[in-house]
Amino acid sequence: MRINSGKVNFMRSLQNIFWTLGSIESRYKYILTVFVVLSFFGCKKSSSPATIVPPKQPDTAVIITTNAKPVVKTNSQKVYVHYMPWFETPATSGTGQWGQHWTMANENPNIILSNGRRQIASWFYPMIGPYDSDDRDVIDYHLLLMKYSGIDGVIVDWYGTFNVDDYALNKRNTDSIFNRIPYAGLQFGICYEDASIAQVTTATGTGTVAAAQQDFSYLQSQYFSSSNYIKINNQPLLLDFGPQVLTTSTDWAQAFSVLSTKPRLLSVEYAGGVTGSYGNGEFAWVDSTDQANLQGFYQNRAPSLATYFAGAYPGFMDFYKQGGWGNTLFLIGYNGTATLQNCLNLAKTSGTNYLQLITWNDYGEGTMIEPTLDFNFSFLQTIQQYTGVSYTVTQLQLIYTWYTLRKKYVGNTVIEQQLVQAYNDLVALDVTDATAIISGIN
């Protein structure tokens, strides 16, 4: 289970109190010590199970021929989106239960509320309902929406290779996502949750550095050499949400010793000092001080970094207290799309060619930009305007319709093949032909 971003934001805010501790590294290590004291967040109410649409497993062999074309943007900034691969339904969790990121400690998606929604651990509701991250249809739907919004790629929140907690499911889902990305013509990267190493060490006895070496070896063999993997200065990009366990330059030297090519390592903002020469920069993240945090990072911290990522989010409204996973962290109002627009305005003048959207689908913290019943397509429309694509909500709605038809006609081989063709048309930017096929079926 992920160490949530709100905890890191809280710890970063303590820097103001302990500013007299000296270097950034010493301040960060103090904060890290307090952070470790915080425990991991952790059941369900009884009800009759509701029908779950069976997931479509990603293809294990190339059976779709696509001619993916890049979307033309007037904004040259590379735009990536932070992506959570951790959602499970009873069909995929291996336990017959909903995954913890839909339930937290006390919610039950089998309960249908009076508004027709399932009871999930979020204030907000995906337009397609709670889903399985390993579902091919869901993955393709997400990637198509990103493509037509001018998003260049996905940075997946990753927990490594060990079968501890739900890490193995996250790994499986991440593999499935990356399997589909080349079809869509997008890029992908990894944000490593090195906090997971502590859980691995406790559960398996594997040393922290040895665990990291196994994880990084997997990344090198499976992902880094892909032409779709994000690279900066010919180095594969590796974000780290911390560091929280690998907290010295020596740790990183040993962890990277198994790699033939050193990744371009970016830590979360203000935490890069602990990686020494093995780090190459930092990335902005959501903080309780909202715009002030972003402005401070761009003006005071970023100029000293070799590489940095700007950040943009729609708001922040966590469900942790209500879901039984702790206390409310903080609140950043959405104001329609104004908060997202303000973040994008800052990113445009931040001085970097890299932007990370925070996030595609963190429902527990309310930072999701994917279509929801609450905000519809408005966040993606705002991003379309920022990236300068020629597409509008019309194409986003078309992709949503395509997804609903894929689910409606599961097992109908004739219509499934038509929808495959519509998908091929969409990744090739042939909206006219895709519209004709989808309209004919619909």
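This report describes a strand, a helix and two single residues in a predicted model.

**Strand β2 and its neighbours**

Strand β2 spans residues 153-158, and 6 of its 6 residues are buried, so the strand is largely enclosed by the rest of the structure. Its side chains divide between two directions, with G153, I155 and D157 pointing one way and V154, V156 and W158 pointing the other way, and the residues of both sets are buried. The strand pairs with two others, as the table sets out.

| Strand paired with β2 | Residues | Sense | Bridges | A bridge pair |
|---|---|---|---|---|
| β1 | 78-83 | parallel | 4 bridges | Y83 of β1 with V156 of β2 |
| β3 | 187-192 | parallel | 6 bridges | C191 of β3 with D157 of β2 |

The two bridge pairs can be read together with the directions given above: V156, the partner of Y83, belongs to the set with V154 and W158, whereas D157, the partner of C191, belongs to the set with G153 and I155. Together with helix α5, which covers residues 167-184, strands β2 and β3 make a β-α-β unit that is right-handed.

**Helix α12**

Helix α12 covers residues 378-387, and because 8 of its 10 residues are buried, the helix is largely enclosed by the rest of the structure. The buried residues are S378, F379, L380, T382, I383, Q384, Y386 and T387. They pack against elements of both kinds, namely the strands β1 and β11 (354-357) and the helices α4 (136-147), α11 (338-348) and α13 (393-408). Strand β1 therefore appears twice in this account, as a parallel partner of β2 and as an element against which the buried residues of α12 pack. After α12 comes G388, a residue whose phi is positive, near 80°.

**Two single residues**

Is D140 buried or exposed? D140, which lies in helix α4, is buried, with a relative accessible area of 1%, a value under the 20% cut-off that applies to buried residues. When residues up to four places away in sequence are not counted, D140 touches R180, W402, R406 and Y423.

G273 lies in the loop that runs between β6 (264-268) and β7 (279-283). With a relative accessible area of 30%, G273 is partly exposed, because that class takes in values between the 20% and 50% cut-offs. G273 and S249 are separated by 24 residues in sequence, while in space their C-alpha atoms are 8.8 Å apart.

Terms used. Residues numbered from 1 in each chain as written. Predicted model: local features only at pLDDT ≥ 70, side-chain atom pairs only at ≥ 80, totals over all residues. Heavy atoms only, no water. Buried < 20%, exposed > 50% of the residue type's maximum accessible area, 1.4 Å probe, protein only. Pairing = 2+ DSSP bridges. Right-handed = clockwise from strand over helix to strand, strands pointing away. Contact = heavy atoms within 4.5 Å.
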